[in-house]
Amino acid sequence: MNNRDYILNEAKQWVIEAGKLIKSEMQKPYKIDTKRDRKDLVTEIDKNTEQFFVDHITKRYPDHKILGEEGMGEEVHSLDGTVWIIDPIDGTMNFVHQQRFFAISVGIYHDGVGEIGLIYDVMNDTMYEGIKGEGAYKDGEKLAPIDPNKTLSDALVGLNNFWAIPNRRLDERKIHDLVRKVKGTRSYGSAALEFAYIAEGIIDAYITMRLQPWDIAAGKIIVDEVGGVTTRVDGSSIDMLTGNTVICSNKAIHESLMSFIQQK
Ligand code: IPD
Ligand code: CA
Ligand code: CA
């Protein structure tokens, strides 16, 4: 990608500005709607934040494409060229109920390759970034590679509440076995932050049944840069144009989780 450093700096500035906007808008009353069901929230701040990115990107880079959760960009059917994949607020439930533990997630892909990943924890003013081939950073400090020797029994695993209800991927007994086997489980309510925490080494794996491209796009780039692996639960590659199951962790835990799920 030409002028990657330039795009990186600009994207970071926009993310920080968007964070400031969110912080000021959340002081006033705002409209909250639901999407698929009563648990799937969207606020006017999600939409305004996405619009903020769309306005800046289209003005500066009219040939770039934008795939955003709230649909303010265009319909994106291919990853050719430069595509910004944006979740304006990841963790909207946390945003509405807790006013914390949410993040802005921006992944920039060029011809299908993840080049820049930014995850900004707005309330903690913490920026995670991943730059393909250069490394991953937290607030400008380079993150160390994640521990390749850590095994499943030593792992803190991010699991969301969908695993607690009947599902077609893992039956109840297996979920119980998994919870017994690992060292602990955590459920943060923001996929983007869970990727960032894996990169930082404060949790060791994340496994989920369905995430959209904007939940994964930045996180995958950041985790790749510290030696982690992110695939679908059957080991196939993530498709940035559609929904995916996800396992993210070091290679050893990734293999254990895959064989655990596939075991009859
Ligand atoms: C959600 C969060 C949540 C995950 C959901 C996502 P949203 O994103 O990342 O942790 O479990 O699958 O949809 O709706 O808050 O942007
Ligand atoms: Ca999301
Ligand atoms: Ca969102």
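The paragraphs below lead from an annotated binding site, through the calcium ions beside it, to a helix elsewhere in the chain.

The model is predicted, and the residues that the UniProt annotation "binding site" covers, in an unreviewed entry, offer a place to begin: Glu69, Asp87, Ile89 and Asp215. These residues are spread over 147 residues of sequence, yet they cluster in space, with a largest C-alpha distance of 9.7 Å. The lining of the largest pocket includes Glu69, Asp87, Ile89 and Asp215, so that the record and the computed pocket can be read together, although the annotation may be inferred rather than shown by experiment.

Within this group, Asp87 and Ile89 can be taken together, since Asp87 lies in strand 4, which runs over residues 82-90, and Ile89 is placed in strand 4 as well. Asp87 has a relative accessibility of 1% and therefore counts as buried, the cut-off for that term being under 20% relative accessible area. Ile89 also counts as buried, because its relative accessibility is 1%.

The contacts of these two residues describe their surroundings. When neighbours within four places in sequence are left aside, Asp87 is in contact with Glu69, Ala103, Ile104, Ser105, Trp214 and Asp215, a list that includes two other residues of the annotated site, Glu69 and Asp215. With residues up to four places away in sequence likewise not counted, Ile89 touches Ile22, Ile45, Asp46, Glu69, Phe95, Phe102 and Ala103. Glu69 and Ala103 thus appear among the contacts of Asp87 and also among those of Ile89.

Which residues coordinate the calcium ion that is ligand 3? The donors come from Glu69 (OE), Asp87 (OD) and Ile89 (O), at 2.1 to 2.3 Å, and along the chain they follow the spacing E-x17-D-x1-I. Because water is not among the atoms, a site described in this way may look incomplete. The calcium ion (ligand 3) lies 3.8 Å from the calcium ion (ligand 2), and Asp87 coordinates both of them.

A further element to consider is helix 5, which spans residues 191-200 and is largely enclosed by the rest of the structure, because nine of its 10 residues are buried. The buried residues are Ala191, Ala192, Leu193, Glu194, Phe195, Ala196, Tyr197, Ile198 and Ala199. Just after helix 5 comes Gly201, which takes a positive phi of about 85°.

Methods: Residues numbered from 1 in each chain as written. Chains lettered and ligands numbered in written order. Predicted model: local features only at pLDDT ≥ 70, side-chain atom pairs only at ≥ 80, totals over all residues. Heavy atoms only, no water. 1 Å grid on protein atoms, 1.4 Å probe; cavity = no way out; pocket = protein on both sides within 12 Å on 5 of 7 lines; lining within 4 Å. Helix = DSSP H or I, 4+ residues; strand = E, 2+ residues; numbered from the N terminus. Buried < 20%, exposed > 50% of the residue type's maximum accessible area, 1.4 Å probe, protein only. Contact = heavy atoms within 4.5 Å. Donors = N, O, S within 2.8 Å, 3.2 Å for Na, K, Ca; no water.
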